Amino acid sequence: MIDEQHIVKVSMADLNVIRGQGLIRTTGLGSCVGVTLFDPMLKVAGLAHVMLPSSEIAREGALNIAKYADTAVPELVRKLLALGAMQSRLVAKMAGGSQMFTFAGTGDSMRIGPRNVESCKTMLLQLGIPLLAEDTGGNYGRTIELDCETGILFIRSVQMGIKEL
Amino acid sequence: MDLFKDFEEFKMDVLKEVGNIGAGNAATALSRLLDKPIDMAVPKVQMLPFEAIAERVGGAEKIVLAVFFRVEGDTPGNLFFILSPEAAKKLLHRLAGIEVDSEDSFSEMEWSALSEIGNILAGSYISSLADFTSLSMTPTVPALALDMAGAILSYGLLQFGEMGDSAMLIDTTFIEGKHEVEGQFFLIPDPESFAKIFSALGVPMNYD
């Protein structure tokens with residue numbers, strides 16, 4: 001994690017891609033999931049900061065497809081393919097989906113983290129993209145960054161320090 | 001987010017008053033606990049993009065201590081009481097005479113004391129709002145977290161997430177006399193709750 005590098009920042013309910021050298025990062029993942037896709041041949045990578053599992057619950061006029069797992073993952077693939085990536089070469093890694101707070105008798109919204117993770121996995125399976133590694137669940141926040149050169153995913157959390165996937 | 005597109009200045013003022021009453025009562029409760037005067041800033045009420053909400057406490061990666069309550073009843077919503085870890089330690093020392101043994105972590109006793117303080121403050125915040133509006137509002141048991149602000153606050157944005165990429169935040173800061181203990185209340189009512197709050201306060205809502 002070297003400073004002064006080319007860094008693409010992805011905010012909550014957003015997605016982006018990066019080509020060549022540099023890092024793509026997103027900060028403060030709680031129940032949200034950071035899904036990363038990487039084409040190791042072409043060295044292009046993408047990251048989506050997914051907030052909700054399914055766009056079926058959306059009540060917004062103009063749908064933000066980066067926000068929902070079922071729309072963000074296909075869109076991320078589309079963007080990478082547009083850069084020349086091949087779907088058969090894409091590999092995935094993801095982190096987040098924690099349960100920050102636990103209550104007795106918790107409603108569905110409290111289980112949003114695990115549901116986000118499940119939904120991302122379903123999408124990856126449908127698209128035939130292997131999930132190489134994940135650091136999901138728990139009850140803590142994460143900041144992640146993917147190195148576009150190596151495909152290594154760095155995960156930083158308050159409790160666990162820095163982890164590499 | 002058509003519902004909030006044409007929120008007039010005056011509706012924002014009503015929400016500021018909601019923040020004023022809630023946080024005002026909580027500040028009074030804290031002031032009694034500490035036996036010290038507590039000042040309160042004018043509430044900030046704004047429709048903010050998700051990213052900007054964490055900026056209010058120093059950014060998505062800033063480590064904060066948060067007590068989170070889900071508010072249930074007529075007007076459901078999310079309430080956060082947010083302190084810096086340093087301010088939380090000072091508060092514990094003032095209130096319970098708990099000596100600080102570590103700056104970075106909290107013992108079980110400190111944790112439960114903070115939870116109780118949070119409970120008292122949130123209780124006065126919510127019950128004063130319930131009285132003021134004659135609506136039923138009950139906070140759930142407090143849940144504590146010491147973590148990245150972005151990870152914590154995103155929990156309060158899920159209900160708004162289904163409707164758009166910004167949320168209506170009622171943000172009130174309180175400051176103890178010499179700025180030693182500073183904290184923030186974030187109230188984020190669920191999108192559906194605004195119509196009920198306004199109607200309970202006699203503010204007409206026409207959004208068709």
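Against which elements of chain A do the buried residues of α1(A) pack? The tour of this predicted model begins there, continues through the two sheets of chain A, and ends at a helix pair in chain B.

**Stop 1: helix α1 of chain A**

Select residues 69–82 of chain A, which form helix α1. The buried residues of this helix pack against β2, β4, β5 and α2 of chain A. To see which side chains are involved, display Ala69(A), Thr71(A), Ala72(A), Val73(A), Glu75(A), Leu76(A), Val77(A) and Leu80(A), the buried residues of α1(A). The spacing of such a set can be read against helix geometry: an α-helix has 3.6 residues a turn, so residues three or four places apart point the same way.

Next, place a distance between the two end C-alpha atoms of α1(A). At 1.5 Å a residue, its 14 residues should span 20 Å, and the ends are indeed 20 Å apart, so expectation and model agree. Beyond the helix, centre on Gly84(A), which follows α1(A) and has a positive phi near 105 degrees.

**Stop 2: the sheet beneath α1(A)**

Now show the strands β2, β5, β4, β6 and β7 of chain A, given here in their order across an open, five-stranded sheet with mixed pairing. Its edges are β2 (15–19) and β7 (131–136), each of which pairs on one side only. From one strand to the next, the twist averages 15 degrees. Helix α1(A) packs on this sheet, where it touches β2, β4 and β5 of chain A, and its direction makes about 165 degrees with that of β5(A).

Within the sheet, select residues 33–39 and 44–50 of chain A. These are β4 and β5, which run antiparallel and are joined by seven bridges. One pair to label is Val33(A) with its bridge partner Val50(A) in β5(A).

Then add residues 112–127 of chain A, helix α2. This helix lies across β4, β5, β6 (91–96) and β7 of chain A, and runs at about 25 degrees to β4(A).

**Stop 3: the second sheet of chain A**

Another open sheet of five strands follows the order β1-β3-β8-β9-β10 in chain A, again with mixed pairing. At its edges stand β1 (7–9) and β10 (161–164); each has a single partner strand, so one side of each lacks a neighbour in the sheet. Neighbouring strands here are turned by 20 degrees against each other on average, direction ignored.

Focus on β8(A), residues 142–147. Is this strand mostly covered or exposed? Six of its six residues are buried. Colour the two faces separately: Arg142(A), Ile144(A) and Leu146(A) are on one side, Thr143(A), Glu145(A) and Asp147(A) on the other, and both faces are covered.

On one pairing of β8(A), select β3 (23–29) of chain A, which joins β8(A) in the antiparallel sense over five bridges. Leu29(A) has Arg142(A) as its bridge partner there. Then select β9 (153–157) of chain A, also antiparallel to β8(A), over four bridges; Leu146(A) stands opposite Leu153(A). β8(A) and β9(A) form a hairpin with five residues between them, and Gly151(A) in the turn has a positive phi of about 80 degrees.

Continuing outward, β9(A) pairs with β10(A) in the antiparallel sense over four bridges, and Arg156(A) is partnered by Ile162(A).

**Stop 4: helices α4 and α5 of chain B**

Move to chain B and select residues 85–96, helix α4. Its 12 residues should span 16 Å at 1.5 Å a residue, and its end C-alpha atoms are 16 Å apart, which agrees. Pro85(B), Ala87(B), Ala88(B), Lys89(B), Leu91(B) and Leu92(B) are buried in this helix. Their cover includes α2 (9–34), β3 (63–73), β4 (77–83), α5 (108–133), β6 (143–148) and β8 (182–189) of chain B.

Add α5(B) to the view. The axes of α4(B) and α5(B) come within 11 Å and cross at roughly 85 degrees, which makes the two helices roughly perpendicular. In the contact, Ala88(B), Lys89(B), Leu91(B), Leu92(B) and Leu95(B) of α4(B) meet Glu110(B), Ala113(B), Leu114(B) and Ile117(B) of α5(B). By class, the contact has seven nonpolar, no polar and two charged residues.

Finish on Leu95(B), which is partly exposed, with a relative accessible area of 25%. Leaving out residues up to four places away in sequence, Leu95(B) touches Leu33(B), Leu34(B) and Ile117(B). Just after α4(B), Gly97(B) takes a positive phi of about 65 degrees.

Methods:
Residues are numbered from 1 along each chain as its sequence is written. Chains are lettered from A and ligands numbered from 1 in the order in which they are written. This is a predicted model: local features need pLDDT of at least 70, side-chain atom pairs count only at pLDDT 80 or more; totals for chains, interfaces and linings use all residues. Side-chain values use heavy atoms; hydrogens and water are left out. The expected span of a helix is 1.5 Å times one less than its number of residues. Buried means under 20% relative accessible area, exposed over 50%, partly exposed in between (1.4 Å probe, protein chains only). Contact means heavy atoms within 4.5 Å. Two strands pair if DSSP finds at least two bridges between them. Axes are lines fitted to C-alpha atoms, for helices over the stretch in contact, and angles run from 0 to 180 degrees between N-to-C directions. Angles under 35 degrees count as roughly parallel, over 145 as roughly antiparallel, 65 to 115 as roughly perpendicular and the rest as oblique. Ala, Val, Leu, Ile, Met, Phe, Trp, Tyr, Cys and Pro count as nonpolar, Asp, Glu, Lys and Arg as charged, and the others, Gly among them, as polar.
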